[in-house]
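Open the model in your viewer and keep the selection tool handy. We will go from stop to stop, and at each one you will hear what to select and what to look for.

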Amino acid sequence: MLLDLPEEALCLIAEELGLQCDRYSLVLSCRRLYTILLPTLYSRVVLCDVHNHTIRQVSQFFNNIAREPRLANAVRALRLESWDTEDDIEHIDCEFEYDADLIHGLVAGTCWSMQPYGQLLRGNTDAWLALLLPQLKGLRQISICYPFGSEYVQQMLVKAAKEDVTAFGRLADAFAEWYDTENSIHASCMEPFFKFPSIRRIGGSFILDSDREVGQPRITPFSGVTDIDLDMTNTECGFGVWIESCKALKTFRLNIGGSMVSDGPDIVSAPLRESISLHKSTLEAFWLCGETCQSLDDDDGWMGSFADFKVMKYLHISTTMLAGLDEDLEPTHDLVELLPPSLETLFLCHCHNELLDWVIDQLERLVNSNALPRLTSLGLEGWGPSEVDESSLETMRRLEELDKRCAEVGLYFATSIGSHRAVPSRFVSLWPCD
């Protein structure tokens, strides 16, 4: 009988139910299960997913966890969709509960005692979330979709990082994104997370990093963050503040966003090269590609040599950013001299047609040289010849020969060049967020 199982087993069963509605039905099935399993309904929470009624949802959730602290401690993963800010207050047309005694009693004597009570009373969801989040002491993961005009949530995070890091003492993963498909949030929005003691992974989408002061002194490493993962993101400053803050960065992935994110440069490679070089003894995986790699004319410089990255296993990068180009758009380096002996996977993306034959030459030398004894997987992605002629047929033939040679030495080769395609199913990711 289900009810005869110990409480720990019942909680594990409830946690394994993928759908919230299934857990809800189980909780309501009898009094014993309600008492034991109610906190499992709060383990993974999504807020602000009801259009124009975010204040009702958030205030109700706040009142529930404020009246029963075990529910607050049960929240492990939280997703915040775009919410109402001060600019939206005049459009709020729903009722919500405001318990002044409960709110004052919860924050009295803490660093959160100075609250914008007027904004809470008016139904500003931004202010409610700023009061709510520090109460979730068991939070491990947070994902935030920032709306335009958000103010109080960001102020709260800055305050927590300076005065009460224990408010997020168990937080390990933090992700943020912009609510729209154009423009971005600034990278500084995520800087408070680096100061929380258990944080290990930070990521985001539609983020812009562009205003580090010239001559700003390098940061003394203090953060336990080991993994940074960014999509649709631009940087002129190489995420120096983020990367320098890390004591031992292991993985860094950046998919460049281009003009949808900002009007300025998509990426300036020199600052990123300088930042990443601080972690030559710890960086295991590096990924850099995106819109800026689409054209030879738009390429923004060489990312430098990775030969002295002692433990690097995975490298995914555009051909031009790895090899570099001179004024005549000719490669300036041989691939073999740029890669570390520890490398296990190499994926060259955005290979331009003009460079395809050169890349095949380089990969042939790489395979035959045994310069990378641990290499198990090669990848090459590009557009391929636009016209079928004798030259393009010869290029495709050489690709097939390279594929055969890789198979002979036990090396997996995945290509996506014109009609010559293979699914890179054997590529193993080192990114924990995957």
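Which residues of helix 8 are buried? They are Thr125, Asp126, Ala127, Trp128, Leu129, Ala130, Leu131 and Leu132, where buried means under 20% relative accessible area, exposed over 50% and partly exposed in between, with a 1.4 Å probe and protein chains only.

Before we go on, a word on the ground rules. This is a predicted model, in which local features need pLDDT of at least 70, side-chain atom pairs count only at pLDDT 80 or more, and totals for chains, interfaces and linings use all residues. Residues are numbered from 1 along each chain as its sequence is written, and side-chain values use heavy atoms, with hydrogens and water left out.

**The whole protein**

Show everything as a cartoon. The protein has 14 helices and 14 strands; helices (H or I, at least four residues) and strands (E, at least two) are DSSP runs, numbered from the N terminus. Of the 434 residues in the protein, 51% are buried. Take the contacts (heavy atoms within 4.5 Å) between residues at least 6 apart in sequence: 76% of them join residues at least 24 apart.

**Stop 1: helix 8 and its cover**

Select residues 125-132, which are helix 8. Eight of the eight residues of this helix are buried, so helix 8 is largely enclosed by the rest of the structure. Now add its surroundings: the cover of the buried residues includes strand 1 (44-47), helix 4, strand 2 (77-80), helix 6, helix 7 (117-122) and helix 9 (152-163).

**Stop 2: helix 4 and its two partners**

Keep helix 8 and select helix 4, residues 54-67. The angle between helix 4 and helix 8 is about 20 degrees, and their axes are 10 Å apart. Here axes are lines fitted to C-alpha atoms, for helices over the stretch in contact, and angles run from 0 to 180 degrees between N-to-C directions. Helix 4 and helix 8 are therefore roughly parallel to each other; angles under 35 degrees count as roughly parallel, over 145 as roughly antiparallel, 65 to 115 as roughly perpendicular and the rest as oblique. Show side chains, and you will find Thr54, Ile55, Val58, Ser59, Phe61, Phe62 and Ile65 of helix 4 meeting Thr125, Trp128, Leu129, Leu131 and Leu132 of helix 8.

Next, select helix 6, residues 100-107. Helix 4 packs against helix 6 at an angle of about 55 degrees, with the axes 11 Å apart. These two helices, helix 4 and helix 6, are therefore oblique to each other. Phe62, Asn63, Ala66 and Arg67 of helix 4 make the contact with Leu102, Ile103 and Leu106 of helix 6.

**Stop 3: Tyr117**

Select Tyr117, which lies in helix 7. Beyond its neighbours within four places in sequence, Tyr117 is in contact with Tyr98, Ile103, His104 and Val107. Try a distance label between the C-alpha atoms of Tyr117 and Ile103: they are separated by 9.1 Å, and the two residues are 14 apart along the chain.

**Stop 4: strand 8**

Move to residues 251-256, strand 8. Six of the six residues are buried, so strand 8 is largely enclosed by the rest of the structure. Which way do the residues point? Thr251, Arg253 and Asn255 point one way from strand 8, and Phe252, Leu254 and Ile256 the other way.

Add strand 7, residues 227-235. Strand 7 pairs with strand 8 in the parallel sense over five bridges; two strands pair if DSSP finds at least two bridges between them. Look for Leu230, which stands opposite Leu254 in strand 8.

Then add strand 9, residues 285-290, which runs parallel to strand 8 and is joined to it by six bridges. Phe286 in strand 9 is the bridge partner of Phe252.

**Stop 5: two positive phi angles**

Select Phe206 in strand 6, residues 201-209. Its phi is near 55 degrees, a positive value in a residue other than glycine. Phe206 is buried, with a relative accessible area of 11%.

Now select Met232 in strand 7. Met232 is not a glycine, yet has a positive phi of about 45 degrees. Met232 is buried, with a relative accessible area of 18%.

**Last stop: Ser205**

Finish at Ser205, in strand 6. Ser205 is buried, with a relative accessible area of 10%. Leaving aside neighbours within four places in sequence, Ser205 is in contact with Phe175, Ala176, Glu177, Trp178, Asp231, Met232 and Thr233.
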